[in-house]
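Colleague: Got a few minutes to go through this one with me? I'd like to pick at a few spots.

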Amino acid sequence: MLKKKDNYIVAIVGATGAVGNEMIETLDQRDFPVEKLRLFASERSLGKTLPFRGSEIPVETIDENSFKGIDIALFSAGGDRSKKWAPVAAKSGCVVVDNSSAWRMDPEVPLVVPEVNPEDIKKHKGIIANPNCSTIQMVVVLKPIHDAAKIKRVVVTTFQSVSGTGKKAMDELVEQTKDILNFKEPRCEVYPHQIAFNVLPHIDEFLESGYTREEMKMVNETKKIMGDDSIKITATTVRVPVFRCHSESLNIETEKKISPNETRAALAAAPGIVVFDAPDKNVYPLPVDVAGKDDTYVGRVREDDSVECGINLWIVADNLRKGAALNAVQIAEKLVEGA
Ligand code: A2P
C-alpha cells in the first residue's frame with residue numbers, strides 16, 4: 001500500500017523507450033509530486049542521461065535491490081521484464097503500474113482506466129495493470145454509452161500507429177519512406193512486411209483461431225474493465241503508416257435505442273472525451289490533430305439502421321499518451337489521492 005507523503009520516489013522502467021519518454025514528460029506536465037525520479041533501461045543505455053525538471057537523470061540497470069525505497073514504479077519495458085521484475089518491485093514495497101500485457105488478465109491484478117473503473121485501484125496487491133492502448137480509448141467511449149443504453153455488441157476495426165510497437169518501428173517507417181522515395185528496396189525488420197505506404201491486417205501474434213493476440217486483448221480486457229462479461233465484442237486490428245494516434249471504427253449495438261444526438265450528449269458529458277463531429281465542415285478526428293492531446297476524440301456519430309438499436313462512430317486518441325503514459329500517470333494520481 002502507498003503511504004501518504006508530500007512527494008514520492010518514482011521509477012520508470014523502460015525510460016528510454018517511446019512510452020517511457022512520454023511517461024517522463026507526462027509526470028512533469030501534470031505536476032506529479034515527484035521527490036526523486038529513477039530511470040531504468042537495458043545495459044545498452046548505461047551512460048545515458050535523460051532530462052527531467054531541469055536536471056539530467058542517469059539511466060540505471062535493474063537488479064534485485066533496485067526498487068528499495070521507491071514508492072511508485074511505472075513499467076514499460078515489455079512483458080518479459082514485467083513478469084520478472086514487477087513482483088520483485090512489489091515485494092520491495094513499491095506499487096507497480098505496468099504497461100505490458102503480462103499481468104492484465106490476472107484475477108489478482110486490477111486493470112484500470114480511471115474514467116471507467118477507478119474503484120478497482122483499491123483492490124491492488126502491489127501491481128496494477130495498464131490496459132492495451134486500443135482498449136483504453138475504446139472503453140473511455142463505450143462506458144457512457146453503456147451507462148445510457150446498455151451495450152449488447154461491439155464490432156471494432158482499428159488503424160494503429162507504429163509508435164504502439166515502439167521506437168524501432170517508428171525508425172523503420174522513416175527509413176522505409178526515405179528508401180522508397182529514393183527508389184531503393186525498403187528493409188523490413190520490425191514487421192513481416194513493408195509498413196511505409198502500406199496497411200497490415202496483423203498486430204501481435206496469430207492464434208489458432210485466426211485472430212491475433214491484439215484482437216483478443218481488446219475482447220477480454222474490455223469485459224474485465226467494464227466489469228460486464230455479457231458485452232459481445234469482435235475486433236480486427238490493423239497497423240497503418242502513422243507515427244502517433246490510433247483510430248478506431250466502432251459499430252455498437254445497444255439494448256435501448258439511443259439517437260446520434262443523445263450519443264453525442266452522453267459522450268460530451270463524460271470525462272476524457274471531446275466530441276469533434278461536424279462532417280458538413282469536414283470536421284472529424286484525425287491522428288495529425290490529436291497527437292499530443294490527452295482526450296479521446298469522437299466523430300462520425302451516426303445511426304446504424306441495419307439493426308434496431310445501432311450506432312457507428314469514429315474515435316482517435318494518442319496511443320502514447322492516453323493509450324499508455326497518461327493512463328499510467330492517471331492511475332498513479334488516483335493512488336496518491338487515495339493514500
Ligand atoms: P533500451 O533503450 O536500453 O533498450 P520501446 O518499446 O520503445 O522499444 O522501448 C523499450 C524499453 O524497454 C526501452 O527503454 C528499453 O531500454 C527497455 N528495455 C529493454 N530490455 C530491457 C531490460 N532487459 N531491462 C530493462 N529495460 C529494458
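**Picking through the model**

Colleague: Let's start with C245: buried or exposed?

Modeller: C245 counts as buried, because its relative accessibility is 1%. Buried here means under 20% relative accessible area, exposed means over 50% and partly exposed is in between, with a 1.4 Å probe and protein chains only. Keep in mind that this is a predicted model, where local features need pLDDT of at least 70 and side-chain atom pairs 80 or more, while totals for chains, interfaces and linings use all residues. Residues are numbered from 1 along each chain as its sequence is written, and side-chain values use heavy atoms, leaving out hydrogens and water.

Colleague: Where is C245, and what is its phi?

Modeller: C245 lies in the loop between β9 (232–239) and β10 (246–254). Its phi is positive, about 95°, although C245 is not a glycine. Helices (H or I, at least four residues) and strands (E, at least two) are DSSP runs, numbered from the N terminus.

Colleague: And what about F183, buried or exposed?

Modeller: F183 counts as exposed, because its relative accessibility is 79%. F183 has a positive phi too, near 60°, and isn't a glycine either. Look for F183 in the loop between α4 (167–181) and α5 (213–226).

Colleague: Switching to the ligand. Which residues come nearest?

Modeller: There are 15 residues around the ligand, and T16, A18, S42, R44 and S45 come nearest. A residue makes that list if one of its heavy atoms lies within 4 Å of the ligand. By class, that shell has 5 nonpolar, 7 polar and 3 charged residues. Ala, Val, Leu, Ile, Met, Phe, Trp, Tyr, Cys and Pro count as nonpolar, Asp, Glu, Lys and Arg as charged, and the others, Gly among them, as polar.

Colleague: Which atom of the ligand does the S42 side chain contact?

Modeller: An oxygen atom of the ligand, 2.6 Å from an N or O atom in the S42 side chain. K167 uses a backbone N or O atom, 3.1 Å from a ligand oxygen, and R81 has a polar side-chain atom 3.4 Å from a ligand nitrogen. A polar contact is a pair of N or O atoms within 3.5 Å; within protein, one must be able to donate a hydrogen and the other to accept it, and residues adjacent in sequence count only if both atoms are side-chain atoms.

Colleague: How much of the ligand does the protein cover?

Modeller: On its own the ligand has 580 Å² of accessible area, and the protein covers 73% of that. Those areas come from the Shrake-Rupley method with a 1.4 Å probe.

Colleague: Now the inside. How many residues does the largest nonpolar core have?

Modeller: It has 52, and F67, F75, V141, V154, L250 and L313 have the most contacts inside it. Such a core is a set of buried Ala, Val, Leu, Ile, Met, Phe, Trp, Tyr and Cys residues joined through side-chain atoms within 4.5 Å. Helix α3 (residues 133–149) gives the largest share, 8 residues.

Colleague: Why does this core lie between the domains?

Modeller: Because domain 1 (8–130 + 324–338) and domain 2 (135–319) both give residues to it. The bounds come from an automatic or database domain assignment.

Colleague: Last one: what does the N117 side chain reach?

Modeller: The backbone nitrogen of V113, at 2.9 Å. N117 sits in the loop between β6 (95–98) and β7 (127–129), and at 1% relative accessibility N117 counts as buried.
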